Amino acid sequence: MWVIMILSAIITKINKEARKTYNIPNFMSKLMFIMPSGVKVTSINVLETGNVQINAESGQYAQLGFLVSRIKLEKALLNVDMEVVSVEGNIKIIVSGVLP
């Protein structure tokens, strides 16, 4: 009997995860308000798993650092990571994380 209850609980949890949706408009709104004026977003990729990848560039590294710190502070994304792609001309970065 307890095996059936455990299996039922696991199936319920799996079904909830499969139906989980992310509030992408809310994320985009947060991003709009925290975006520094000197930063240009070249692309945003949101996967069904909630993983997000933002490609951004700026002539000033400080502005890109400010963007990443605001994303973390505002909890627009969780598990935020940044990778510098290029420093030739404009500095280009990839910011990745997971929607809350």
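This is a short walk through a predicted model, from its sheet to its core and its salt bridge.

Let us begin with the sheet. Four strands form an open sheet in the order S1-S2-S4-S3, and their pairing is antiparallel. Strand S1 (40-46) and strand S3 (78-86) are the edge strands, each pairing on one side only. On average, neighbouring strands of this sheet are turned by 15° against each other, direction ignored. Strands of a sheet pair through backbone hydrogen bonds, either parallel or antiparallel. Here, strand S2 (residues 51-58) and strand S4 (residues 91-98) are antiparallel partners over eight bridges. If you look along this pair, you will find Ile 54 opposite Val 95 in S4.

Now turn to what packs on the sheet. Helix H2 (residues 24-34) does so, touching S1 and S2, and the direction of H2 makes about 160° with that of S1. Which residues of H2 are buried? They are Phe 27, Leu 31 and Ile 34. Viewed down the axis of H2, these buried residues fall within an arc of 70°, so they line one face of the helix. Their cover includes S1, S2 and H3. The face of H2 turned away from the buried side carries Pro 25, Met 32 and Phe 33, which are exposed.

That brings us to the core. In soluble globular proteins, nonpolar side chains tend to be buried together. In this model, the largest nonpolar core has 18 residues, and Phe 27, Leu 31, Ile 54, Ile 71, Leu 77, Ile 93 and Val 95 have the most contacts inside it. At least two residues of this core come from each of H2, S2, helix H3 (61-73) and S4. H3 gives the most, with four residues. Ile 71 is a good place to pause: leaving aside neighbours within four places in sequence, Ile 71 is in contact with Leu 31, Ile 34, Ile 54, Ala 76, Leu 77, Val 80 and Val 95. Among these partners are Leu 31 and Ile 34, two of the buried residues of H2, as well as Ile 54 and Val 95, which stand opposite each other in the sheet.

Finally, a look at charged side chains. How many salt bridges does a search of the whole structure find? It finds one, formed by Glu 74 with Arg 70, whose closest N and O atoms are 3.3 Å apart. Are these two residues buried or exposed? Neither label fits: Glu 74 counts as partly exposed because its relative accessibility is 39%, and Arg 70 is partly exposed too, with a relative accessible area of 23%.

Terms used
Residues numbered from 1 in each chain as written. Predicted model: local features only at pLDDT ≥ 70, side-chain atom pairs only at ≥ 80, totals over all residues. Heavy atoms only, no water. Salt bridge = Lys/Arg side-chain N within 4 Å of Asp/Glu carboxyl O. Buried < 20%, exposed > 50% of the residue type's maximum accessible area, 1.4 Å probe, protein only. Pairing = 2+ DSSP bridges. Axes fitted to C-alpha atoms, helices over the stretch in contact; angles between N-to-C directions. Contact = heavy atoms within 4.5 Å. Core = buried A, V, L, I, M, F, W, Y, C linked by side-chain atoms within 4.5 Å. Arc of directions from axis to C-beta.
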